[in-house]
Amino acid sequence: MQKTSARLLALLSLLQTRRDWPGALLAERLDISARTVRRDVDRLRELGYPIASTKGPDGGYRLGPGSELPPLLFDDEQAVALAVALRNATTTGVGVEEAAARALHTVRQVMPARLRHRIDTLQVTPVERPTARPNPQVDSGVLMALSAAVHAREELRFEYAPVSVPDASAPHHPVRRVQPHHLVTWGGRWYLVAWDLDRADWRTFRADRIAPRTPTEPRFTPRELPGGDVAAFVTGRFQGSDGPGGWPCRGEVILRLPAGGVSPYIRDGVVEELGPDRCRLVSEAWSWAALAADIGRFDTDIEVVGPGELREAFGRLARRYASAAGDASGG
């Protein structure tokens, strides 16, 4: 049998993972008797953990919120996971870097030596993909206000800064009235997915351009997102479509290359082998010119199967490239 301290830690860890635990199931998971479970629950209560007994045929326990913060106990995996999350807080797009560093220092100070050693040897350097402009930081208070409105299903009013004036805290920006449904991240930025009451349509708003007004408005009944899935909906919006689905421009070509030489470089498409040196590529992009240019990077003969818009895009690019080549040779 485990020592009492280790057993209490294991019991607390289990209580934190789900709302209700039957006493018999706890006893089975910890390999102890139901009587020992009751004694250990009483010890945790003495330490300040608000554990309620639940009634029923089997009886059980529930860990509830307390008025005071009792001692925090983490098992090894939880402690390491917490440290990793805090170390990578700089990639969240929220201005909490300093607070995360202080939290990690606080947690490290109360860890046993063996765990401190594991944390100290875990050196992670987040490297973001370079972009033309750095992603803006979002005030954590704004995120909390948006999240609270989403959770409470309360209509929200906020000033929304235009792209040309990205400072959401500046005065006299247009006021939007929305029913907030989801707070999501995309490409290192935070977005609010909401039903715009004035435009009677779904919209995505950048959180760093939002300045919430208080108090919130009346509660609302949630609506069904087009397609029913927020990930597919947001992906579709950023791919240029009106709802969930793929990119708005989809074309098919035949390339004079083996399928194995094409498929590793295709993210939004399908490659079909037609022979040792021929393959069919069905790919997508946000515009026909972008799709034609993306296909052209394979530097091989291209046969356009369709549609006509893709063939026309190749023609426009050919004329532009020919003009560029002529200017270069003439210089």
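Which residue is the bridge partner of S53 in β3? That partner is Y61, and the small sheet around this pair is a good place to start. First, some ground rules. What you are looking at is a predicted model, where local features need pLDDT of at least 70 and side-chain atom pairs count only at pLDDT 80 or more, while totals for chains, interfaces and linings use all residues. Residues are numbered from 1 along each chain as its sequence is written, and side-chain values use heavy atoms, with hydrogens and water left out.

**The chain overall**

The chain has 11 helices and 12 strands. These are DSSP runs numbered from the N terminus, with helices being H or I of at least four residues and strands E of at least two. Of the 331 residues, 33% are buried (under 20% relative accessible area, against over 50% for exposed and in between for partly exposed, with a 1.4 Å probe and protein chains only). Contact here means heavy atoms within 4.5 Å. Among the contacts with a separation of 6 or more, 55% are between residues 24 or more positions apart.

**The N-terminal part**

Back to that first sheet: three strands make an open, antiparallel arrangement in the order β1-β3-β2. Its edges are β1 (21–22) and β2 (51–54), each pairing on one side only. Two strands count as paired if DSSP finds at least two bridges between them. β2 and β3 (residues 60–63) are joined by four bridges.

Helix α1 lies across β1, β2 and β3, at about 80 degrees to β3. The axes behind such angles are lines fitted to C-alpha atoms, for helices over the stretch in contact, and the angles run from 0 to 180 degrees between N-to-C directions. α1 (residues 4–15) also packs on α3 (residues 34–46), at an angle of about 85 degrees and with the axes 10 Å apart. That angle makes α1 roughly perpendicular to α3 (65 to 115 degrees; under 35 is roughly parallel, over 145 roughly antiparallel and the rest oblique). On the α1 side the contact uses T4, R7, L8, L11, L12 and L15, and on the α3 side T36, D40, V41, R43 and L44. By type, these residues divide into six nonpolar, two polar and three charged. In that count, Ala, Val, Leu, Ile, Met, Phe, Trp, Tyr, Cys and Pro are nonpolar, Asp, Glu, Lys and Arg are charged, and the others, Gly among them, are polar.

**The middle strands**

Now for β4 to β8. Here are some of the antiparallel pairs, with a residue pair for each.

| Strand pair | Bridges | Residues opposite each other |
|---|---|---|
| β4 and β5 | four bridges | E159 and V175 |
| β4 and β8 | four bridges | E159 and A211 |
| β5 and β6 | eight bridges | L183 and L192 |
| β6 and β7 | six bridges | L192 and F205 |

So why is β6 (residues 189–196) described as largely enclosed by the rest of the structure? Eight of its eight residues are buried, so the strand is covered in just that way. R189, Y191, V193 and W195 point one way from β6, with W190, L192, A194 and D196 pointing the other way. β4 (residues 156–160) is mostly covered too, with four of its five residues buried. β6 and β7 form a hairpin with four residues between them, and A200 in the turn has a positive phi of about 50 degrees.

**The C-terminal part**

Another open sheet has four strands in the order β10-β11-β9-β12, with antiparallel pairing. β10 (269–275) and β12 (302–306) are at the edges with a single partner strand each, so one side of each has no neighbour in the sheet. From one strand to the next, the twist averages 25 degrees. β10 and β11 pair over six bridges, and G269 stands opposite S283 in β11. α10 lies across β9, β11 and β12, running at about 25 degrees to β9.

The largest nonpolar core has 19 residues, and V253, L255, L281, I295, L310 and F314 touch the most other members. Such a core is a set of buried Ala, Val, Leu, Ile, Met, Phe, Trp, Tyr and Cys residues joined through side-chain atoms within 4.5 Å. At least two of its residues come from each of β9 (249–255), α9 (259–262), β11 (278–285), α10 (288–296) and α11 (308–330). Leaving aside neighbours within four places in sequence, F314 is in contact with V253, A292, I295, I302 and V304.
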